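Good morning, colleagues. Please bring up the model on the screen, and I shall take you through a few of its residues and helix contacts.

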Amino acid sequence: MAVDQLSSTFAALADPTRRAILGRLAEGEATVNELAEPFPISVQAVSKHLKVLEQAGLITRGRAAQLRPSRLRGAPLEEAFDWLEKYLRFWQAGFDRLDGRLQATEKGPGNG
């Protein structure tokens, strides 16, 4: 059974370490050693996370001499954002209704 891009993206984003790695890569490319610095895990563990991110299409890994800098790929994240944006409208409508009720309560008897 083939896994679609959106499912791969969300599966990769399910891990907080991978999300933090993506956050760092949003600032610019980095090597595995640079990415491993803030984490209390081994470089090998970070490499495994990078492999998951690469398989999900969220990053690319280059080759510069003996280094393999990783860089963020935006397209899969854009697809996830587009999917989530539909639900943003749903939540916004709910918040708008709640806001209307709160304003009506503030203007209630004796307040307005």
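Gly 28 is partly exposed, because its relative accessible area of 24% falls between the 20% limit for buried and the 50% limit for exposed. I should say at once that this is a predicted model. Gly 28 sits in the loop that joins H2 to helix H3, the latter covering residues 32–36. From the C-alpha atom of Gly 28 to that of Leu 88 the separation is 28 Å, and these two residues are 60 places apart along the chain.

Let us move from that loop to helix H2, which spans residues 16–25. Thr 17 belongs to this helix. Is Thr 17 buried or exposed? With a relative accessibility of 18%, Thr 17 counts as buried, since the limit for that class is under 20%. Which residues does Thr 17 touch, if we set aside those up to four places away in sequence? They are Phe 39, Ile 41 and His 49.

His 49 brings us to the packing of H2 against helix H4, which is made up of residues 43–55. In general, two packed helices are described by the angle between their axes and the distance between the axes. For H2 and H4, the axes come within 10 Å and cross at roughly 80 degrees. H2 is therefore roughly perpendicular to H4. On the H2 side, the contact is made by Thr 17, Arg 18, Ile 21 and Leu 22. H4 contributes Val 46, His 49, Leu 50, Val 52 and Leu 53. Sorted by class, the residues of this contact comprise six nonpolar, two polar and one charged.

Val 52 of H4 merits a closer look. Val 52 has a relative accessible area of 30% and so counts as partly exposed. Apart from neighbours within four places in sequence, Val 52 is in contact with Ala 12 and Arg 18. The C-alpha atoms of Val 52 and Thr 9 are separated by 9.7 Å, although their positions lie 43 residues apart in the numbering.

Thr 9 leads us to the next helix pair. Helix H1 covers residues 5–13, and its axis lies 9 Å from that of H5, at a packing angle of about 95 degrees. H1 is thus roughly perpendicular to H5. Which residues of H1 make the contact? They are Gln 5, Leu 6, Thr 9, Phe 10 and Leu 13. Facing them from H5 are Pro 76, Leu 77, Glu 79, Ala 80, Trp 83 and Leu 84. The contact of H1 with H5 contains eight nonpolar residues, two polar and one charged.

I turn now to H5 itself. This helix comprises 32 residues, numbered 75–106. Between its first and last C-alpha atoms H5 reaches 45 Å, close to the 46 Å expected at 1.5 Å a residue. Where is the kink in H5 centred? The kink, of about 25 degrees, is centred on Glu 85.

Two further residues of H5 complete the account. Asp 82 is found in this helix, and its relative accessible area of 39% makes Asp 82 partly exposed. The C-alpha atom of Asp 82 is 33 Å from that of Val 43, with 39 residues separating the two along the chain. Arg 89 also has its place in H5. At 55% relative accessibility, Arg 89 counts as exposed, because the limit for that class is over 50%. Measuring in the model from C-alpha to C-alpha, Arg 89 and Glu 34 are 38 Å apart, and they are 55 residues apart in sequence.

Thank you for your attention.

How values were computed. Residues are numbered from 1 along each chain as its sequence is written. This is a predicted model: local features need pLDDT of at least 70, side-chain atom pairs count only at pLDDT 80 or more; totals for chains, interfaces and linings use all residues. Side-chain values use heavy atoms; hydrogens and water are left out. Helices (H or I, at least four residues) and strands (E, at least two) are DSSP runs, numbered from the N terminus. The expected span of a helix is 1.5 Å times one less than its number of residues. The bend at a residue is the angle between axes fitted to the seven residues ending there and the seven starting there. Axes are lines fitted to C-alpha atoms, for helices over the stretch in contact, and angles run from 0 to 180 degrees between N-to-C directions. Angles under 35 degrees count as roughly parallel, over 145 as roughly antiparallel, 65 to 115 as roughly perpendicular and the rest as oblique. Contact means heavy atoms within 4.5 Å. Ala, Val, Leu, Ile, Met, Phe, Trp, Tyr, Cys and Pro count as nonpolar, Asp, Glu, Lys and Arg as charged, and the others, Gly among them, as polar. Buried means under 20% relative accessible area, exposed over 50%, partly exposed in between (1.4 Å probe, protein chains only).
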